[in-house]
Amino acid sequence: MSSCGTGGSGGCSESEPYALRVLGDSMQPEFIEGVIIIIDPAGAMRDGSYVTAMHNDELVFRQLRIHDDKYFLQPLNDLYDTVEISGLDAVTGVISQQAGRRRKDRKHYD
């Protein structure tokens with residue numbers, strides 16, 4: 001994923017929504033490579049939310065799954081593994097829009 005400006009005064013505020021471009025195919029079929037997603041750092045996180053999170057010192061885009069007080073990052077593409085994270089502190093934001101469309105208007109995958 002590529003993120004908002006770095007350095008200078010063009011950076012992002014910690015609580016202000018920002019855009020990222022999806023890289024790779026781990027979130028296909030719903031999120032194809034190159035699509036722009038809007039991340040809300042203050043968005044409500046719940047099981048099934050699409051999120052960005054830090055995993056192995058890398059920002060990843062996955063679906064948040066919560067089972068028995070354990071937290072997982074699940075890709076939509078079955079070729080990729082679901083990984084466990086320590087908790088919601090690893091989540092950096094919730095996807096609120098895709099390519100100009102609000103998430104609630106898009107099909108939801110469970």
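The paragraphs below go through the fold, the cores, one pocket and one loop residue of this structure.

The model is a predicted one, and its single recurring kind of secondary structure is the strand, since the chain holds eight strands and zero helices. Read along the sequence, these elements give the pattern β-β-β-β-β-β-β-β. Among the contacts in the chain with a separation of 6 or more, 48% are accounted for by residues 24 or more positions apart. The chain has 110 residues, of which 34% count as buried, and it exposes about 6600 Å², with carbon and sulfur atoms supplying 44% of that area.

The interior can be approached through a general tendency: in soluble globular proteins, nonpolar side chains tend to be buried together. Here the largest nonpolar core has 12 residues, namely Tyr18, Leu20, Val22, Met27, Phe31, Val35, Ile37, Ile39, Tyr50, Phe61, Leu76 and Ile95. The elements that give two or more residues to this core are strand E1, covering 18-21, and strand E2, covering 36-40. Apart from it there is a second, separate core of 10 residues, which includes Val51, Val60, Ile85 and Val94.

Empty space can be considered in a similar way, as rolling a probe the size of a water molecule over the atoms shows where such space is left. The second largest pocket has a volume of about 250 Å³, and its lining is made up of 15 residues, with Glu58, Leu59, Val60, Phe61 and Arg62 lying nearest its centre. Strand E4, which spans residues 58-67, provides the largest share of that lining, five residues. By class, the lining comprises nine nonpolar, three polar and three charged residues. Two of the residues nearest the centre of this pocket also appear in the cores, Phe61 in the largest one and Val60 in the second.

The last stop is Asp47, which lies in the loop between E2 and strand E3, the latter covering 50-55. Is this residue buried or exposed, or does it fall in between? Asp47 counts as partly exposed because its relative accessible area is 35%, whereas buried means under 20% and exposed over 50%. Leaving aside neighbours within four places in sequence, Asp47 is in contact with Leu64, Arg65 and Ile66, and these three positions fall within the 58-67 span of strand E4. Asp47 and His67, although 20 residues apart in sequence, have C-alpha atoms 8.4 Å apart in space.

Note on methods. Residues numbered from 1 in each chain as written. Predicted model: local features only at pLDDT ≥ 70, side-chain atom pairs only at ≥ 80, totals over all residues. Heavy atoms only, no water. Helix = DSSP H or I, 4+ residues; strand = E, 2+ residues; numbered from the N terminus. Buried < 20%, exposed > 50% of the residue type's maximum accessible area, 1.4 Å probe, protein only. Contact = heavy atoms within 4.5 Å. Areas by Shrake-Rupley, 256 points an atom, 1.4 Å probe, with all protein chains shown as cover. Core = buried A, V, L, I, M, F, W, Y, C linked by side-chain atoms within 4.5 Å. 1 Å grid on protein atoms, 1.4 Å probe; cavity = no way out; pocket = protein on both sides within 12 Å on 5 of 7 lines; lining within 4 Å. Points joined across faces, edges and corners; volume = space filled by probe spheres on them. Nonpolar A, V, L, I, M, F, W, Y, C, P; charged D, E, K, R; others polar.
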